[in-house]
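Visitor: I would like a careful look at a single part of this model, together with enough of its surroundings to place it.

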Amino acid sequence: MTSLLELAWTASTAVRRADVLEALAEAAAGLVPDGFVLIWLMAGERLILRGAAGHLLQAHAGLRIEYAPGEGLVGAAALARDVSVVDDPAGDTRSHEAAFLRAEGVRRFVGVPLGARYALEGVLGVFSRRADWPDAATLATLGVHGNHAALALESVRLFADGERRRRAAEALAAVGQALAHSLDPRAVGHLIADSVLALLEARDVVVYRLDPATGHLSSVAFAGEGAAGFTHPVILPPGTGISGRAVLERRPITTPDLLRDPRFVHQPEHRERLARADYRAAMAVPLLVDGEPIGALGAAAGHGRVFDDESRTLLEAFADQAAVALNTARLFAGERSARAEAQALERRFHDLVNGVDAILTEIELPGHRVLFINGRVEPLLGYTVEQLMTEPDFWRSRIHPDDRERAVAFADQELAAGRDFVHEYRMLASDGRVVWMRDSVTISAGRVHSLKVDVTARKRTEALLAGESRVLTLIAGSESLPTVLDALCRVIEEQDADMLCSVLLVEDGRMRSVAGPRLPEAYVQAVDPLGTGPAGGVPGVCAFRRQPVIVEDLATDALGEPLRAAAQAHGLRACWALPVLDVAGLPMAVFAVYARTARRPTEAERQLISRAARLAGIAIERGRAELALRASEQRYRMLITNIPDVVWLTDRQGNTVFVSPHVERLGGYTAEEIYRAGPAGWFGRVHPDDLPIVQRHFAALFVAPGRTFDLEYRIQHKDGRWIWLRDRAVTTYEEHGTTYAYGIYTDITDRKRAEDIRALLLNQVITVQEEERRRISRELHDETAQSLASLLLGLSALAEARSLKGARAQARELHQVVTRALAEVRRLASGLRPSVLDDLGLPTAIQRYASDFGQTRGIAVEVDTSGLGEARMSAPVETALYRIMQEALSNVARHAGARRVRVQLDRFGAMVSMVISDDGAGFDPGRPPAPATAAHGLGIHTMRERALVLNGSLAIDSAAGRGTRVSVEIPLAAERA
């Protein structure tokens, strides 16, 4: 009863919800001997755990604190509208917290709905660990407690609503006063954020301003905990977050769970911060002016807070105030900016009129009366404003005579037509200078407004660029160096009539003028003899020092002494010289500029002369490069033309891009014929047996860079015969997306033929050796063996002779037998190698052989060995010369039809030569010989091989009807080899 009275008193006097919850929880807990009490209150459409009493057996981090009506035992109690008792709540199918209830040993659950007059305020949940609790009286008491508590909570809520409305009205009034006294949107925004934070019991409130250019929301005011740790201003891209969504949809948006609501897109960093701060309920309202968003007002809270319609209405009211504040500040800022811009424009116009580097005039039509002219006319042209304002047609009378008629006629024509126009002409300044003017004219309300700009520098630059372009064109077109440098001097002289230019080449310590279009010829002749050095005048000193030399007055400066008289004679007062150096820093030329007034060059003139010197350097370097290139091309052409090999360049398809001009000597086809033939010009002539390997190796060239090949194959000559080539692909390279291969091939037909002949010779040597052995064996058997057999029989007969006379007769017969045998042996030995060659030497051996040959063949043979001297040569050399002589005479006998033959041997230092000449029919040595066989065609090759073995050489000079001359040279060093 005491607890009931206390609860009733609290319900009738409390103004704080926390007091009512505490009293209710304590009263209900007093009725549960072994259990605990939990109280859930309605927050929008959810039941949120707000109070508790009693004791738990253990801590439960997973205790559910939020339900929807009808959800779980607590939600079911809310819908029951009467006290409900649940036995074994952990086993009840409606239970959502069975694990919690079992852990706490709960046996019974009593749910008491806290229904007031107007609405359900919440649910009182009583959990008992006794199965026999409660009794009827306790249930009745719990019902009474629930009714009292519901009424008390309703009263507290109504009082709180009224209090909140009062505070909202006061806050809105304060914001209104702030708007009336302040144009600072940040101050008003902070006041609004603080008011909303207090009235809605939110955790954070932010006022955003919309950037119309980017669509981003930028925070201008903030109030609250700042648990998310954002650094202000916070920037929200278009459509992100609840505030961005509210601006996008142009309507208020409310959510119970900011992070789980699928309508919202959060930046990853923002989402992480919001989750860490445990924000849940949120609401945002766009700040609208004439239906267009200019910002947003957003509020956020944690678990258990739900923003209802009243909260939204309150936030909308403050959003309207925030919109007014931001719009007022924007309008004021726009007005202030416009006023400042107008003032700035006025100042800029004033500065423009009086400070622009141009002449501004206003002229009245008709009559051409000058109404206004700014002060720039005097600095630009040297005339006063008064002169132009008072003297009629003053301006037109100062136009350059060459331009006056054209400029005046054009201006009158355009003015008469009422058209705006722009034209350029030259003016004469008060000091005589020529000034180019660009005159831009507009016509308005019978008045002419003119903007006259000095474009002299631009005109000079255009002329300089055009001149440089002409010079570069001459260089690119390979014009002669004097022509290019003469044009360059004229370009520079056009920039300033007081300057006279010249270019002197430096060659072996002396100078030579190659350009100087306006310099007097007599002065040029005075400069040319001077060399580079201290006595070489200004140009010579410049080349010697390799530095610019500036002489202000040639009449007084010591550097001008060598050319002083010539300079004074032609009115030249100053000289400025710049060296033109090559990449090694050595002088190639000197660019010298003369002036007719004693002065130093201006900075503009220095830059102009430097540009000219650089162009001169380009021209000279180009000339040198072209000379070097022509010399290199000539050397390359001579190399390609004179080497016996053929150089080629081809693409991947086998099209010949380049081939040596003398390819015709090798294959019979001209280079042009090979170019026109395409791939067939090469592959089409390869021997069918060799074509597959050639094509395979050629294709492999282009598989990877750096591939090469070295092949020997046959190709058909234009005359139909097959020749042998050794073809070497050196490398490949790529240019403009096309891969090329280049290489060199050599005619190795002679080498191949020599190899074949060597093989035949070797086979013939072996054959001859065998034949010689068979002949010697046969002759030994037929002759010598029979003589020895006869000798053996004679000796037997001699031994049996019965008389001295018979023995003597037998001995005489045996002597004849031995004599014949000895003669046979000597004949065999002489056939193998003439003994006279070893015994008496080469001259005697050749003399005897020639004598025998002449007698046998009926040919007169003349031998001259007087040039050999007395010293013997080595056996290999003598044998080689002897055998070559034998073969040559044999060829004469077989082929020449000669009547006379001359054999001459001479020794020249370490070289011995032999010449065999005849007056026979002769032959064409250039005609390809028939293939050699073992039967014929080996004579010449045998002679050549014998000479080559001893590092010698054999040459044949012959022509049809002129006989043949065979020359052999063998180094005597071969004796020691």
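Visitor: Where along the chain is the place of Asn951?

Guide: This is a predicted model, in which local features need pLDDT of at least 70 and side-chain atom pairs count only at pLDDT 80 or more, while totals for chains, interfaces and linings use all residues. Residues are numbered from 1 along each chain as its sequence is written, and side-chain values use heavy atoms, with hydrogens and water left out.

Asn951 sits in the loop between helix 28 (939–949) and strand 31 (953–958), where helices (H or I, at least four residues) and strands (E, at least two) are DSSP runs numbered from the N terminus. Its phi is positive, about 60°, although the residue is not a glycine. Most residues other than glycine have a negative phi, and most peptide bonds are trans. Asn951 counts as exposed because its relative accessibility is 61%; exposed means over 50% relative accessible area, buried under 20%, and partly exposed in between, with a 1.4 Å probe and protein chains only.

Asp508 is another non-glycine residue with a positive phi, near 55°. Asp508 belongs to the loop between strand 18 (499–507) and strand 19 (510–515), and its relative accessibility of 83% is why it counts as exposed.

Two peptide bonds also deserve attention. The bond joining Trp133 and Pro134 is cis, with omega about 5°, and Pro134 lies in the loop between strand 6 (120–128) and helix 5 (136–181). The bond from His232 to Pro233 is likewise cis, with omega near 10°, and Pro233 falls in the loop between strand 8 (217–224) and strand 9 (235–236).

As for the setting of these loops, the protein chain comes to 28 helices and 32 strands, and of its 977 residues 42% count as buried. Among contacts (heavy atoms within 4.5 Å) between residues at least 6 apart in sequence, 56% join residues at least 24 apart.

The structure also holds five cavities of 30 Å³ or more, a cavity being a set of points, on a 1 Å grid over the protein atoms alone, where a 1.4 Å probe fits but cannot get out. The largest cavity has a volume of about 130 Å³, a volume being the space filled by probe spheres set on the points, which are joined across faces, edges and corners. Lining residues have an atom within 4 Å of a point, and of the 13 that line the largest cavity, the closest to its centre are Trp648, Thr656, Ile674, Trp682 and Tyr745. Strand 23 gives the most to this lining, with three residues.

Terms used
1 Å grid on protein atoms, 1.4 Å probe; cavity = no way out; pocket = protein on both sides within 12 Å on 5 of 7 lines; lining within 4 Å.
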